[in-house]
Amino acid sequence: MTLAARSIRLVMELRRSNLSDGVLAAMERTPREMFVPECFADQAYENIALPLPHGQTISQPGVVAAMVNALDVKKHHKVLEVGTGSGYQTAILAQLARRVYSLDVH
């Protein structure tokens with residue numbers, strides 16, 4: 001299965017989770033494979049957490065979607081994210097908020 005097909009499958013799975021249209025659209029537009037180590041690119045659209053360098057992980061897409069959805073981010077909001085990790089959630093937030101400030105120790 002291609003990455004595009006896996007992405008579509010993941011978005012269809014997330015649609016069953018009562019997420020806002022904005023969060024779903026941001027998830028669909030964000031290429032998760034760009035935020036995971038190359039050796040895990042084939043698993044980028046599985047609804048699982050994946051390892052990152054320095055003992056970090058990229059959260060599973062369903063968790064990212066639920067957290068962002070719970071924030072109810074609007075276009076005029078400014079968001080402070082502590083713990084950037086791979087930047088995947090930051091990329092999702094950046095599509096929904098006016099500005100995102102993100103910090104990480106690495």
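At roughly what angle do the axes of helix H1 and helix H2 cross? In this predicted model, the axes of H1 (residues 3–15) and H2 (residues 21–29) come within 10 Å and cross at roughly 165 degrees. Because angles over 145 degrees count as roughly antiparallel, H1 is roughly antiparallel to H2. The crossing of the two helices is right-handed.

**The contact between the helices**

On the side of H1, the contact is made by Val 11, Leu 14 and Arg 15, which meet Leu 24, Met 27 and Glu 28 of H2. Sorted by character, the residues of this contact comprise 4 nonpolar and 2 charged residues, with no polar ones.

**The cavity**

The structure contains 1 cavity of 30 Å³ or more. The volume of the largest cavity is about 30 Å³. Its lining is formed by Ser 7, Leu 10, Val 11, Leu 14, Met 27, Tyr 45 and Tyr 88. Helix H1 provides the largest share of this lining, with 4 residues. The lining comprises 6 nonpolar residues and 1 polar residue, and no charged residue is found there.

Some residues belong to both descriptions. Val 11 and Leu 14 of H1 and Met 27 of H2 take part in the helix contact, and these three residues also line the largest cavity.

The table sets out the composition of the two groups of residues.

| Group | Nonpolar | Polar | Charged |
|---|---|---|---|
| Contact of H1 with H2 | 4 residues | no residues | 2 residues |
| Lining of the largest cavity | 6 residues | 1 residue | no residues |

Conventions
Residues are numbered from 1 along each chain as its sequence is written. This is a predicted model: local features need pLDDT of at least 70, side-chain atom pairs count only at pLDDT 80 or more; totals for chains, interfaces and linings use all residues. Side-chain values use heavy atoms; hydrogens and water are left out. Axes are lines fitted to C-alpha atoms, for helices over the stretch in contact, and angles run from 0 to 180 degrees between N-to-C directions. Angles under 35 degrees count as roughly parallel, over 145 as roughly antiparallel, 65 to 115 as roughly perpendicular and the rest as oblique. A crossing is left-handed if the near helix is turned anticlockwise from the far one by less than a right angle, and right-handed if clockwise. Contact means heavy atoms within 4.5 Å. Ala, Val, Leu, Ile, Met, Phe, Trp, Tyr, Cys and Pro count as nonpolar, Asp, Glu, Lys and Arg as charged, and the others, Gly among them, as polar. On a 1 Å grid over the protein atoms alone, a cavity is a set of points where a 1.4 Å probe fits but cannot get out, and a pocket is an open set with protein on both sides within 12 Å along at least five of seven lines; lining residues have an atom within 4 Å of a point. Grid points are joined across faces, edges and corners, and a volume is the space filled by probe spheres set on the points.
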